[in-house]
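Here is a short report for a reader meeting this structure for the first time. Please look over the sequence and the 3D view before reading on.

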Amino acid sequence: MKVGKKLAPLEIAVTRTLIVAGALASRDYQDVHHDAELAREKGSPDIFMNILTTNGLVGRYVTDRFGSSAVLRKVAIRLGAPNYPGDTMVLSGTVTAIGDDGTAEVSIVGTNGLGRHVTGTVTVTVPMSVTGGVPQGAA
């Protein structure tokens, strides 16, 4: 793993079920995340994904790329364009720093048909392998 390494992208279909399930799982019962008619009354064209669902998907993206032993230390994100049903979010990342202890910092961007849905930074620790001090799952 090297600074500047680009992680393989992840495409996520933004379905109505994903949006509603994510809101329910995070106990976010705001109507804009599950009731299309009320979302439209409030000025949105449809329901949209909440930040906690996005946060979970960003975490999943990083741990999928670094392996099952990876431990998220910090996830700092900012939302942009909403994720609406029927769109696709593409997450991508670039390693921006690596510590001697197996901690990496990754810059994350998630885009959809409207533009950037999420930007942020994730700090992740990956246990060092017994050979060569390379973080496991980071090669």
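## A salt bridge within one helix

Arg60 and Asp64 join their side chains in a salt bridge, with 3.3 Å from N to O. Both residues sit in helix H3. They are 4 residues apart, about one turn of the helix. This is a predicted model.

Arg60 has a relative accessible area of 39% and is partly exposed. Asp64 is partly exposed too, at 44%. Both values fall between the 20% limit for buried and the 50% limit for exposed.

## Salt bridges across the chain

How many salt bridges does a search of the whole structure find? The search finds 3. Side chains of opposite charge can pair when their charged atoms come close.

Arg16 and Asp46 form one of these salt bridges, at 2.8 Å from N to O. This pair links distant parts of the chain. Arg16 belongs to helix H1, while Asp46 lies in the loop between H2 and H3. The two are 30 residues apart. Arg16 is partly exposed, with 41% relative accessibility. Asp46 has 14%, so it counts as buried, the limit being under 20%.

Asp31 and Lys42 make another salt bridge, and their closest N and O atoms are 2.9 Å apart. Here, too, distant parts of the chain are linked. Asp31 is in the loop between H1 and H2. Lys42 is in the loop between H2 and H3. The separation is 11 residues. Asp31 is buried, at 17% relative accessibility. Lys42 is exposed, at 56%.

## The chain as a whole

The protein chain holds 3 helices and 5 strands. What pattern does the protein chain follow along the sequence? The pattern is β-α-α-α-β-β-β-β. Along the principal axes, the C-alpha atoms fill a box of roughly 60 × 25 × 20 Å.

The protein chain has 139 residues, and 40% of them count as buried. Take the contacts with a separation of 6 or more: 64% of them come from residues 24 or more positions apart. The accessible surface is about 7400 Å². Carbon and sulfur atoms account for 53% of that surface. The protein chain carries 13 positive and 12 negative charges, and the mean positions of the two sets are 8 Å apart.

## A nonpolar patch

Which residues form a nonpolar patch on the surface? They are Ile51, Leu52 and Leu79. Together they have about 240 Å² of accessible area.

Leu52 is located in helix H3, which covers residues 51-66. Its relative accessible area is 48%, so Leu52 is partly exposed. That value is over the 30% that a patch residue needs.

## Two further residues

Arg27 is not a glycine, yet its phi is positive, about 55°. The residue lies in the loop between helix H1 (16-25) and helix H2 (36-41). Is Arg27 buried or exposed? Arg27 is exposed because its relative accessible area of 68% is over 50%.

Lys5 sits in the segment before strand E1 (6-14). Lys5 is partly exposed, at 33% relative accessibility. Lys5 and Ala97 are 92 residues apart along the chain. Their C-alpha atoms are separated by 10.0 Å.

Note on methods:
Residues are numbered from 1 along each chain as its sequence is written. This is a predicted model: local features need pLDDT of at least 70, side-chain atom pairs count only at pLDDT 80 or more; totals for chains, interfaces and linings use all residues. Side-chain values use heavy atoms; hydrogens and water are left out. Buried means under 20% relative accessible area, exposed over 50%, partly exposed in between (1.4 Å probe, protein chains only). Contact means heavy atoms within 4.5 Å. Accessible areas come from the Shrake-Rupley method with a 1.4 Å probe; for residues, only the protein chains shown count as cover. Lys and Arg count as positive and Asp and Glu as negative; His and the chain ends are not counted. The place of a charge is taken as NZ of Lys, CZ of Arg, CG of Asp or CD of Glu. Patches are made of residues with over 30% relative accessible area and no salt bridge: like charges are joined within 9 Å, nonpolar side chains (Val, Leu, Ile, Met, Phe, Trp, Tyr) within 5 Å. A salt bridge is a side-chain nitrogen of Lys or Arg within 4 Å of a carboxyl oxygen of Asp or Glu.
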